[in-house]
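Visitor: I should like to learn how to read the helices of a protein model. Could you take me through some examples?

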Amino acid sequence: MVSNSPSPATIVTVLAICLALLHCAAIPAAAQNCNCQPGLCCSKYGYCGTTSEYCGEGCRSGPCSGSGGGGGGSGSGNGVSVASVVTAAFFDGIKNQGGNGCAGRGKSFYTLSAFLSAASSYPNFAHAGSADEGKREIAAFFAHVTHETGHFCYVSEIDGESMNYCDASDAAWPCVQGQGYYGRGPLQISWNYNYGPAGKNIGFDGLANPGIVAQDPVVSFKSALWFWMDNVHLVMPQGFGATIRAINGALECNGKNTAEMEARVGFYQQYCRELGVGPGSNLTC
């Protein structure tokens, strides 16, 4: 005779499933673009959480633990030590290429110690795959930084205060009256929809106080690394051209501004040579 009453083992199983579901429901998730709270991992699918599904393989940012953590890296290994690759000679060499004609204050603002301090908050930078992949990511990052800042010359966009860069349709990150969201920092982040999430990740009010990106060098480098890890890091395996598309593709790719695109490629190739690594394929967009 078959009983209609659940067995004790079945009851235990059901309770375990319910507890697991409650635990998952307690973890906030933000679809696609993550912008996770501190302490949460951004999964390869763009959601926030703390379990191995979020922090394991393909983890894009946060306290990742799996192979390829930090997102998108092909190959194996733990990348490279950023501090051992980005030496004083490499960093200052970029500044020196700007010459004495720099009209900005970047040469005194941007320092190696500020970069390394900021990089420590993004441990998956240059750690997605092999040592060569790590070096290529560093070369790519600094190629874009060189292009955006004029060899560490400019901290803020030239004539940026005359620009609006407020997307009023973005209800998630509403502009604050009197604030300007023009380009600042090593990657010249702009727009309210970038300043808001950057501030949330780093720990400042990006909408009410965007100017701190041009006042605190560590925050400035963190803003660039935040943007890089959230928008560029994942496409590194596709080649340097994909990083151009991720940063300024609407203005430079598909023949829109070939000179600007080729300038970025030239810096990337130069830094790859300095770091002793091949640049890979698919350099243009």
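Guide: The turns below discuss packed helices, a covered helix and a single residue in this predicted model.

Visitor: How is the packing of helix α4 and helix α11 described?

Guide: Two packed helices are described by the angle between their axes and by the distance between those axes. Here, helix α4 (residues 88–97) packs with helix α11 (residues 258–275) at an angle of about 145°, and the axes are 12 Å apart. The crossing of α4 past α11 is right-handed.

Visitor: Which residues of α4 and α11 meet?

Guide: From α4 come F90, I94 and Q97, and from α11 come Q270, Y271, E274 and L275. By class, this contact has 4 nonpolar, 2 polar and 1 charged residues.

Visitor: How many residues of helix α8 are buried?

Guide: In α8, which spans residues 192–202, 8 of the 11 residues are buried, and the helix is mostly covered. The buried residues are N192, N194, Y195, G196, P197, A198, G199 and I202. What covers them includes α9 (217–232). After α8 comes G203, with a positive phi near 115°.

Visitor: Why does H144 count as buried?

Guide: A residue is called buried when its relative accessible area is under 20%. H144 counts as buried because its relative accessibility is 0%. This residue lies in helix α7 (residues 131–149).

Visitor: Which residues does H144 touch?

Guide: Leaving aside residues up to four places away in sequence, H144 touches L187, W228, F240, T243, I244, I247 and R264.

Terms used
Residues are numbered from 1 along each chain as its sequence is written. This is a predicted model: local features need pLDDT of at least 70, side-chain atom pairs count only at pLDDT 80 or more; totals for chains, interfaces and linings use all residues. Side-chain values use heavy atoms; hydrogens and water are left out. Buried means under 20% relative accessible area, exposed over 50%, partly exposed in between (1.4 Å probe, protein chains only). Helices (H or I, at least four residues) and strands (E, at least two) are DSSP runs, numbered from the N terminus. Contact means heavy atoms within 4.5 Å. Axes are lines fitted to C-alpha atoms, for helices over the stretch in contact, and angles run from 0 to 180 degrees between N-to-C directions. A crossing is left-handed if the near helix is turned anticlockwise from the far one by less than a right angle, and right-handed if clockwise. Ala, Val, Leu, Ile, Met, Phe, Trp, Tyr, Cys and Pro count as nonpolar, Asp, Glu, Lys and Arg as charged, and the others, Gly among them, as polar.
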